[in-house]
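Student: I've got a new model open and I'd like to talk it through. Can we go step by step?

Tutor: Sure, let's put it on the screen and start with the overall picture.

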Amino acid sequence: MAAGAPDPQSRFGQSVKGLLTEKVNACGTDVIALTKQVLKGSRSSELLGQAARNMVLQEDAILHSEDSLRKMAIITTHLQYQSYSEEC
């Protein structure tokens, strides 16, 4: 064996270290991607819930408006009858 050449065992050790480092980096990247996806899904769920609450509030406002319009129509009809009976 030459004095300057690395022995096969140390080359194998360096190779394993390199592969291990690559795997650790890949796992770290995957964990970061997974964390971002979980946070994104969590935020989507929150926004969906907020949209549903807003929709319910809008529906209540529409129902209230319909009720008010119905009452105004009844009042208008009564006023028209009064106006008609005063003319006769």
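Student: How many helices and strands are there in the protein chain?

Tutor: Keep in mind that this is a predicted model. For the protein chain, the tally of strands comes to zero, and the tally of helices comes to one.

Student: What is the radius of gyration of the protein chain, and what does the globule rule give?

Tutor: For 88 residues, the globule rule gives 12 Å. The chain's own value is well over that, so the chain is more spread out than a compact globule. The C-alpha atoms fit the picture too, filling a box of roughly 130 × 15 × 10 Å along the principal axes. The radius of gyration you asked for is 38 Å, against 12 Å from the rule.

Student: What percentage of the residues count as buried?

Tutor: To be buried, a residue needs under 20% relative accessible area. The protein chain has 88 residues, and the share that count as buried is 0%.

Student: And how much of the exposed area do carbon and sulfur atoms supply?

Tutor: The protein chain exposes about 8200 Å². Of that area, the part supplied by carbon and sulfur atoms is 63%.

Student: How far apart in space are the C-alpha atoms of Val-24 and Leu-48?

Tutor: Val-24 sits in helix H1, and with a relative accessible area of 52% it is exposed. Along the chain, Val-24 and Leu-48 are 24 residues apart. Their C-alpha atoms are separated by 36 Å.

Student: What about Ser-42 and Asp-67, how far apart are they in space?

Tutor: Ser-42 is another residue found in helix H1, and at 43% relative accessibility it is partly exposed. In sequence, Ser-42 and Asp-67 are 25 residues apart. From C-alpha to C-alpha, the gap is 38 Å.

Student: Let's turn to charges. How far apart do the centres of the positive and negative side chains lie?

Tutor: The protein chain carries 9 positive side chains and 10 negative ones. Take the centre of each set, and the two centres lie 19 Å apart.

Student: How many salt bridges does the structure hold?

Tutor: To count, a side-chain nitrogen of Lys or Arg must be within 4 Å of a carboxyl oxygen of Asp or Glu. Among the pairs that pass is Arg-43 with Glu-46, at 2.9 Å from N to O. The total for the structure is three.

Student: Why can Arg-43 and Glu-46 be described as about one helical turn apart?

Tutor: Both belong to helix H1, which covers residues 8–87. Arg-43 is partly exposed at 42% relative accessible area, and Glu-46 is partly exposed at 46%. Because they are three residues apart in this helix, the separation is about one helical turn.

Student: Which residues are linked in a network of salt bridges?

Tutor: Start from Asp-67, which is partly exposed at 30% relative accessibility. Its side chain meets that of Arg-70 in a salt bridge of 3.9 Å, N to O, and Asp-67 also forms one with Lys-71, with the closest N and O atoms 3.4 Å apart. Arg-70 is three residues from Asp-67 in helix H1, while Lys-71 is four residues from Asp-67 in that helix. So the network links Asp-67, Arg-70 and Lys-71.

Student: Is Lys-71 buried, partly exposed or exposed?

Tutor: The partly exposed class runs between the buried cut-off of 20% and the exposed cut-off of 50%. Lys-71 has a relative accessibility of 49%, which makes it partly exposed.

Conventions. Residues numbered from 1 in each chain as written. Predicted model: local features only at pLDDT ≥ 70, side-chain atom pairs only at ≥ 80, totals over all residues. Heavy atoms only, no water. Helix = DSSP H or I, 4+ residues; strand = E, 2+ residues; numbered from the N terminus. Buried < 20%, exposed > 50% of the residue type's maximum accessible area, 1.4 Å probe, protein only. Rg over C-alpha atoms; globule rule 2.2 N^0.38 Å. Areas by Shrake-Rupley, 256 points an atom, 1.4 Å probe, with all protein chains shown as cover. Lys, Arg positive; Asp, Glu negative; His and termini not counted. Charge placed at Lys NZ, Arg CZ, Asp CG, Glu CD.
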